[in-house]
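Please open the model in a viewer with side chains available for display. The tour below proceeds by selection, stating at each stop what is to be found there.

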Amino acid sequence: MAESAASVAIRKSVTVDLPIETAFRVFTEQVGAWWPLATKSVGQEDSIGLVIEPRVGGRVYEQVRSGEEHEWGEVFAWEPPHLLAFTWHPGRGPETHQEVEVRFTVSGDGTRLDLEQRGWERLVATAEEIPEHYESGWDEVLSRYAEAAEGS
């Protein structure tokens, strides 16, 4: 019997050599500068920015050259510098959303970021149907975040 999509979560972690407040700020305020928009966005090469509005109820959206905006989700937890969580449905209707939770914790002299994406049952029925590119996609995204954080 196939594993239910509801039981699956993608989990990723990265540690950066920054104080927790700075690590949170780079992730949230500077996301448009480090997110790989050319490959991980709705507009691809026409994408010019990504915004996370800093509050519960804030939008997560992509900006494209034409002036259009593509909704990616909505912030449902905003607890700087420890927690950010938002719905996630780039290029799809909100009824298909997953949830992305990003936790920041002090780790030695740096900060550990733990990301979890869950709620696949709103998009697919079984774990086998979860698109593989999400697993590798978060690796690329967090690698770009870590580079930006180390350079900040």
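Select Arg112 first: in this predicted model, Arg112 is partly exposed, at 36% relative accessibility. Add Asp114, whose side chain meets that of Arg112 in a salt bridge with an N to O distance of 2.8 Å. Asp114 is likewise partly exposed, because its relative accessibility of 22% lies between the limits of 20% and 50%.

Next, display Glu121 and Arg122. Their side chains form a salt bridge at 3.7 Å, N to O. Glu121 has a relative accessible area of 39% and is partly exposed; Arg122, at 30%, is partly exposed as well.

Which residues are linked with Glu121 and Arg122 in a network of salt bridges? Extend the selection to Arg11, Glu99, Glu101, Arg103, Glu116 and Arg118, which belong to that network together with Glu121 and Arg122.

From the network, follow Arg11 into the sheet pairing. The bridge partner of Arg11 in β7 is Glu116. Colouring β1 and β7 shows two antiparallel strands joined by eight bridges. Strand β1 has two faces: Ile10, Lys12, Val14 and Val16 make up the covered one, whereas Ala9, Arg11, Ser13 and Thr15 lie on the uncovered one.

Now select helix α3, residues 133-151. The helix comprises 19 residues and reaches 27 Å from its first C-alpha to its last, close to the expected 27 Å. Show the side chains of its buried residues, which are Tyr134, Gly137, Trp138, Val141, Leu142, Tyr145, Ala146 and Ala149. An α-helix has 3.6 residues a turn, so residues three or four places apart point the same way. The buried residues of α3 pack against strands β1, β5, β6 and β7 and against helices α1 and α2.

Strand β6 leads to the next stop, Gln98. Is Gln98 buried or exposed? Gln98 is buried, because its relative accessible area is 0%, and buried means under 20%. Its side chain makes a polar contact of 3.3 Å with the side chain of Gln117. Beyond four places away in sequence, the residues that Gln98 touches include Phe86, Trp88, Trp120 and Leu123; Arg118 and Arg122, met earlier in the salt-bridge network, are also among them.

Finally, select Arg59 and Glu53. These residues form a salt bridge, with the closest N and O atoms 3.6 Å apart. Arg59 is partly exposed, with a relative accessible area of 25%, whereas Glu53 counts as buried at 14%. The count for the model comes to 15 salt bridges.

Methods. Residues are numbered from 1 along each chain as its sequence is written. This is a predicted model: local features need pLDDT of at least 70, side-chain atom pairs count only at pLDDT 80 or more; totals for chains, interfaces and linings use all residues. Side-chain values use heavy atoms; hydrogens and water are left out. Helices (H or I, at least four residues) and strands (E, at least two) are DSSP runs, numbered from the N terminus. The expected span of a helix is 1.5 Å times one less than its number of residues. Buried means under 20% relative accessible area, exposed over 50%, partly exposed in between (1.4 Å probe, protein chains only). Contact means heavy atoms within 4.5 Å. Two strands pair if DSSP finds at least two bridges between them. A polar contact is a pair of N or O atoms within 3.5 Å; within protein, one must be able to donate a hydrogen and the other to accept it, and residues adjacent in sequence count only if both atoms are side-chain atoms. A salt bridge is a side-chain nitrogen of Lys or Arg within 4 Å of a carboxyl oxygen of Asp or Glu.
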